[in-house]
Amino acid sequence: MRVVSLVPSLTEAIAVTAPGLLVGATDWCTHPAGLDVVRIGGTKNPDLDAVMGLRPDLVVANEEENRARDLDLLRTAGLAVLVTEVRGLEQGLRELHRVLVDGCGAARPRWLDEAERAWAAVVPHELPDAVVPVWRRPWMVLGRDTFAGDLLARLGVRNVCAGHPDRYPRVTPDDVRSRGAGLVVLPDEPYRFTADDGPESFPGLPAALVSGRSLTWYGPSLVTAPRVLGAALRAAIR
């Protein structure tokens with residue numbers, strides 16, 4: 001079988017589970033290290049001719065990360081396109097099974113069961129209410145109905161913007177303070193927040209610098225994500 005992945009986390013999931021199936025992936029597909037496949041551009045601007053030229057039996061995509069018109073063009077060209085929707089942990093685990101087992105014909109991987117057990121064992125921490133920026137210039141934060149927001153909620157983080165009508169609302173640091181946030185959670189992707197780029201905009205608030213891969217990727221990283229994210233959150237409030 002020949003598979004092209006347009007989603008970094010799904011690329012890793014397929015490559016780890018069924019080595020040899022992937023023939024193409026985006027430029028942003030950085031895991032696993034050393035993945036040797038044809039690169040077909042970005043998630044938002046893939047080279048569709050290159051994808052078609054690889055003659056894949058299946059293209060895997062995501063309704064949030066990839067553009068509907070690109071996926072429609074691939075379907076029109078006769079390619080099978082499996083589109084995932086991931087708005088929470090449980091949905092993410094189901095979609096991983098659908099991609100790997102139903103879509104790729106692989107055996108259910110052990111790491112997927114380990115991820116389910118790891119998250120089932122999570123005990124929420126006692127943490128301040130938080131805001132979770134994902135971009136700046138302009139500032140954008142996690143709002144309602146997001147995979148990352150669900151992971152943080154399971155760890156004990158109440159997102160002060162979770163009730164916003166937008167999934168990724170634009171805000172200002174002053175808006176955040178008015179909502180009563182006592183913690184700012186700063187992932188290193190999609191925007192690469194660092195100790196010198198981000199915390200200074202929220203003076204007086206402890207900042208948790210967390211792994212974006214642990215927070216936003218649905219794949220093998222889910223096995224260690226509870227431990228990695230939990231440690232970063234606890235360290236910020238010590």
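Helix 6 is followed by Gly156, and the phi of this glycine is positive, near 110 degrees. The model is a predicted one. Start at that glycine and step back into the helix.

Helix 6 covers residues 147-155. Its buried residues are Phe147, Ala148, Gly149, Leu151, Leu152 and Leu155. What do the buried residues of helix 6 pack against? Three helices besides helix 5 take part: helix 4, helix 8 (212-216) and helix 9. Strand 9 (183-187) takes part as well.

Now move to helix 5, residues 110-120. Here Trp111, Leu112, Ala115 and Trp119 are buried. Viewed down the axis of helix 5, its buried residues fall within an arc of 105 degrees, so they line one face of the helix. A general rule of helix geometry is useful here. An α-helix has 3.6 residues a turn, so residues three or four places apart point the same way. The other side of helix 5 carries Arg110, Arg117 and Ala120, which are exposed. Which elements cover the buried face? The cover of the buried residues includes helix 1 (8-17), helix 4, helix 6 and helix 9 (225-236).

Helix 4 leads on to the sheet. This is an open sheet of 5 strands, with parallel pairing and the order 3-2-1-4-5. Its edge strands are strand 3 (38-39) and strand 5 (81-84), each of which pairs on one side only. In general, strands of a sheet pair through backbone hydrogen bonds, either parallel or antiparallel. Strand 4 (residues 58-62) pairs with strand 5 in the parallel sense, over 4 bridges. Within this pair, Val59 stands opposite Val81 of strand 5. Helix 3 (residues 68-76) packs on the sheet and touches strand 4 and strand 5. The direction of helix 3 makes about 155 degrees with that of strand 5. Helix 4 (residues 89-103) packs on the sheet too, touching strand 4 and strand 5. For helix 4, the angle with the direction of strand 5 is about 165 degrees.

Finish with the cysteines. How many disulfides does the structure hold? The count is 0. Take Cys29. Its closest cysteine sulfur is in Cys104, 13 Å away, and that is too far for a bond. The cut-off for a disulfide is 2.5 Å between the sulfur atoms. Is Cys29 buried or exposed? Cys29 counts as buried because its relative accessibility is 2%. Cys161 is also buried, with a relative accessible area of 1%. Both values fall under the 20% limit for a buried residue.

Methods. Residues are numbered from 1 along each chain as its sequence is written. This is a predicted model: local features need pLDDT of at least 70, side-chain atom pairs count only at pLDDT 80 or more; totals for chains, interfaces and linings use all residues. Side-chain values use heavy atoms; hydrogens and water are left out. Two strands pair if DSSP finds at least two bridges between them. Helices (H or I, at least four residues) and strands (E, at least two) are DSSP runs, numbered from the N terminus. Contact means heavy atoms within 4.5 Å. Axes are lines fitted to C-alpha atoms, for helices over the stretch in contact, and angles run from 0 to 180 degrees between N-to-C directions. Buried means under 20% relative accessible area, exposed over 50%, partly exposed in between (1.4 Å probe, protein chains only). The arc is that of the directions from the helix axis to the C-beta atoms.
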